[in-house]
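Trainee: Please take a close look at one part of this model and describe its surroundings in a connected way. I would like the cut-offs stated as you go.

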Amino acid sequence: RCGNTSSGKCRATAAASVEVPGYEILGELGRGGMGAVLRGRDPELGREVAVKVLLERCADDARTAARFREEAQIGGQLQHPGVVPVHALGRLPDGRPFFTMKLIEGRTLAELLKGRKSPTQELPYFLSIFGQICHALAYAHSRGVIHRDLKPLNVMVGAFGEVQVMDWGLAKITSGPMRTERTGRPEARSVEGSVLGTPAYMAPEQACGDVDGLD
């Protein structure tokens with residue numbers, strides 16, 4: 001990943017300076033290692049959307065840009081209530097890729113877990129969230145896709161109980177019908193020994209850089 005910036009001032013400036021063809025940008029929602037997520041509005045349909053754009057510092061990194069586009073292509077092909085729908089993939093005037101998604105209003109599972117007074121508080125509620133996560137991942141696995149960065153921060157729980165597994169930027173296609181621009185390209189494979197993801201949530205194979213051992 002290309003690093004991140006958490007400054008609120010930098011976020012506001014970044015959001016204000018981005019022009020996304022066909023959308024009005026209303027502000028920044030957050031950012032990760034390679035992309036920033038903006039709140040946008042589709043004037044044709046009158047709906048708000050989430051717009052993810054590749055960070056400027058990653059613009060010249062062809063491998064990162066390809067992984068970013070692959071995230072959109074994977075999200076566009078995974079048709080499940082627990083996976084955020086991707087609406088469109090395009091390019092900014094400066095050439096950086098962007099894609100638009102359903103705007104999810106709610107809180108992360110990390111926030112909800114942190115708010116508990118004890119691990120047993122609202123246990124049936126949290127078990128129902130866990131069950132919905134499992135359904136979404138079982139579907140992804142049936143399509144040959146593994147997430148590789150599953151953690152509470154990447155799970156959104158909506159105001160009406162809807163659960164969405166977010167941030168498929170490190171997802172890997174292992175088999176099946178899914179196809180992206182990186183599929184079948186030897187140079188696009190994760191390098192053996194490379195470690196991607198969040199240490200506390202990695203499988204042992206992932207932490208050891210055993211790329212082919214992940215399933």
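**Leu 89 and its surroundings**

Mentor: With a relative accessibility of 41%, Leu 89 is classed as partly exposed, the class between buried (under 20% relative accessible area) and exposed (over 50%), using a 1.4 Å probe and protein chains only. This is a predicted model, in which local features need pLDDT of at least 70 and side-chain atom pairs count only at pLDDT 80 or more, while totals for chains, interfaces and linings use all residues. Residues are numbered from 1 along each chain as its sequence is written, and side-chain values use heavy atoms, with hydrogens and water left out.

Leu 89 belongs to strand S4; helices (H or I, at least four residues) and strands (E, at least two) are DSSP runs, numbered from the N terminus. Strand S4 covers residues 86-91 and runs antiparallel to S5, with 5 bridges joining the two; strands count as paired if DSSP finds at least two bridges between them. One of the residues with a bridge partner in S5 is Arg 91, matched with Pro 97. Together S4 and S5 make a hairpin with 5 residues between them, and Gly 95 in the turn has a positive phi of about 95 degrees.

Across the hairpin, the C-alpha atoms of Leu 89 and Phe 99 are 4.3 Å apart, although 10 residues separate them in sequence. Phe 99 is also among the contacts of Leu 89 (neighbours within four places in sequence left aside), together with Arg 69, Ala 72, Gln 73 and Phe 98; contact means heavy atoms within 4.5 Å.

S5 also pairs with S3, in the antiparallel sense and over 5 bridges. On that side, Phe 99 is the bridge partner of Lys 52. Of the 6 residues of S5, 5 are buried, so this strand is largely enclosed by the rest of the structure.

Phe 98, a contact of Leu 89, leads to the largest nonpolar core. A nonpolar core is a set of buried Ala, Val, Leu, Ile, Met, Phe, Trp, Tyr and Cys residues joined through side-chain atoms within 4.5 Å. The core has 25 residues, and Phe 98 is with Val 20, Val 51 and Val 53 among those touching the most other members. Strands S2 (35-42), S3 (47-54) and S5 (97-102) and helix H2 (62-77) each give two or more residues to this core, with S3 giving the most, 5 residues. Val 53 has contacts that include Val 20, Phe 68, Leu 92, Pro 97 and Phe 98.
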